Amino acid sequence: MIFYKTFEEQQEFKQLNIRVKALLHMVASMVWSKKRYCVIVTDCLRTTEEDKALGGVGIHPTGRAIDFNFCDLNQERIFDSAFSVQLMDEINTVIPYGYGHYKTLIFHDVGAGDHFHLQVSRNRSTEILDKTLGRTNGQASDKPGSPGDQEATPETIKGAVREPESCAA
Ligand SMILES: [Zn+2]
């Protein structure tokens with residue numbers, strides 16, 4: 001089950017990149033089936049200014065990142081470091097970020113408390129999927145500007161880092 005810290009976060013979640021939303025649902029299903037924990041979404045979209053203030057490098061403003069924690073059905077926070085490590089290993093193995101040394105799922109504290117940070121790359125994850133499916137004509141590509149692309153790109157956000165790939169906040 002997925003909870004949202006605030007109504008605003010729930011509304012923002014709807015605007016995120018479809019791949020990161022799907023991935024969160026998959027993670028939430030795994031977490032529930034293995035531990036009967038829920039997940040609570042604590043942060044989704046940010047303005048570039050908010051992101052910078054939190055030490056981010058511009059990935060939350062693109063709609064490709066979600067912060068969350070484990071919780072119970074009363075939305076009380078759950079800490080489980082052993083399972084956190086297991087979950088990160090599993091997700092990062094099954095769904096690699098696909099660029100550089102960056103991870104799809106990490107657990108960190110950048111000043112606002114410990115939390116998971118889930119992210120997808122701008123289009124490389126899709127390229128990996130395309131290769132897996134044997135597609136070479138780019139039909140499934142989500143490159144900026146292609147039909148159906150709903151992803152905010154860094155270029156559309158004034159002052160954003162041009163190619164934000166690392167994670168912070
Ligand atoms: Zn984050």
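How many bridges join E1 to E2, and do these strands run parallel or antiparallel? In the predicted model described here, 3 bridges join E1 to E2, and the two strands run parallel. Within this pairing, Ile2 has Val39 of E2 as its bridge partner.

The chain as a whole contains 5 helices and 6 strands, which follow one another along the sequence in the pattern β-α-α-β-α-β-β-α-β-β-α. Of its 169 residues, 32% count as buried. Among the contacts in the chain with a separation of 6 or more, 65% are accounted for by residues 24 or more positions apart.

The pairing of strands continues from E2 to E3, which pair in the antiparallel sense over 5 bridges, and here Cys38 stands opposite Cys71 in E3. Strand E2 is mostly covered, with 6 of its 6 residues buried. On to the next pairing, E3 and E6 are also joined in the antiparallel sense, over 4 bridges, and Ile66 has Leu118 as its bridge partner in E6. Strand E5, which comprises residues 105–108, pairs with E6 in the antiparallel sense over 4 bridges, and Ile106 stands opposite His117 in E6. Strand E6 thus appears in two of the pairings described, with E3 and with E5.

Like E2, strand E6 is mostly covered, with 5 of its 5 residues buried. The side chains of this strand are divided between two directions, in that His115, His117 and Gln119 point one way from E6, whereas Phe116 and Leu118 point the other way, and all are buried.

The largest nonpolar core has 25 residues, and those with the most contacts inside it are Val20, Val27, Val39, Ile66 and Leu118. At least two residues of this core are supplied by each of helix H2 (18–35), strand E2 (38–43), E3, helix H4 (81–94) and strand E6 (115–119). The most is given by H2, with 6 residues. Ile66, which is named among the core residues with the most contacts, touches Leu16, Val20, Leu24, Val41, Cys44 and Leu118, when residues up to four places away in sequence are not counted. Leu118 is therefore listed both as a contact of Ile66 and as its bridge partner in E6, while Val20 belongs to the buried residues of H2.Helix H2 has 18 residues and reaches 26 Å from its first C-alpha to its last, which is close to the 26 Å expected at 1.5 Å a residue. Its buried residues are Val20, Leu23, Leu24, Val27, Ala28 and Val31. These residues cover an arc of only 140 degrees around the axis, and so they lie on the same side of H2. On the other side of the helix, Ala22, His25 and Ser33 are exposed. The buried residues of H2 pack against strand E1 (2–4), E2, E3, H4 and E6. Just after the helix, Arg36 takes a positive phi of about 60 degrees.

Two further residues illustrate the surroundings of E3 and H4. Asn69 lies in strand E3, which spans residues 65–71, and this residue counts as buried because 22 other C-beta atoms lie within 10 Å. Apart from residues up to four places away in sequence, Asn69 touches Ile40, Thr42, Arg77, His115 and Phe116. Between Asn69 and Ser84 there are 9.9 Å in space, C-alpha to C-alpha, and the two are 15 residues apart in sequence.

Met88, by contrast, is found in helix H4 and is partly exposed, with 16 other C-beta atoms within 10 Å. When neighbours within four places in sequence are left aside, Met88 is in contact with Leu105, Ile106 and Phe107. Met88 and Ile106 are 18 residues apart in sequence and 6.4 Å apart in space, C-alpha to C-alpha. Ile106 is also the residue that stands opposite His117 in E6.

Definitions and conventions. Residues numbered from 1 in each chain as written. Predicted model: local features only at pLDDT ≥ 70, side-chain atom pairs only at ≥ 80, totals over all residues. Buried ≥ 20, exposed ≤ 12 C-beta atoms within 10 Å, placed from the backbone. Contact = placed C-beta atoms within 7 Å. Core = buried A, V, L, I, M, F, W, Y, C linked by C-beta atoms within 7 Å. Pairing = 2+ DSSP bridges. Expected span 1.5 Å × (residues − 1). Arc of directions from axis to C-beta.
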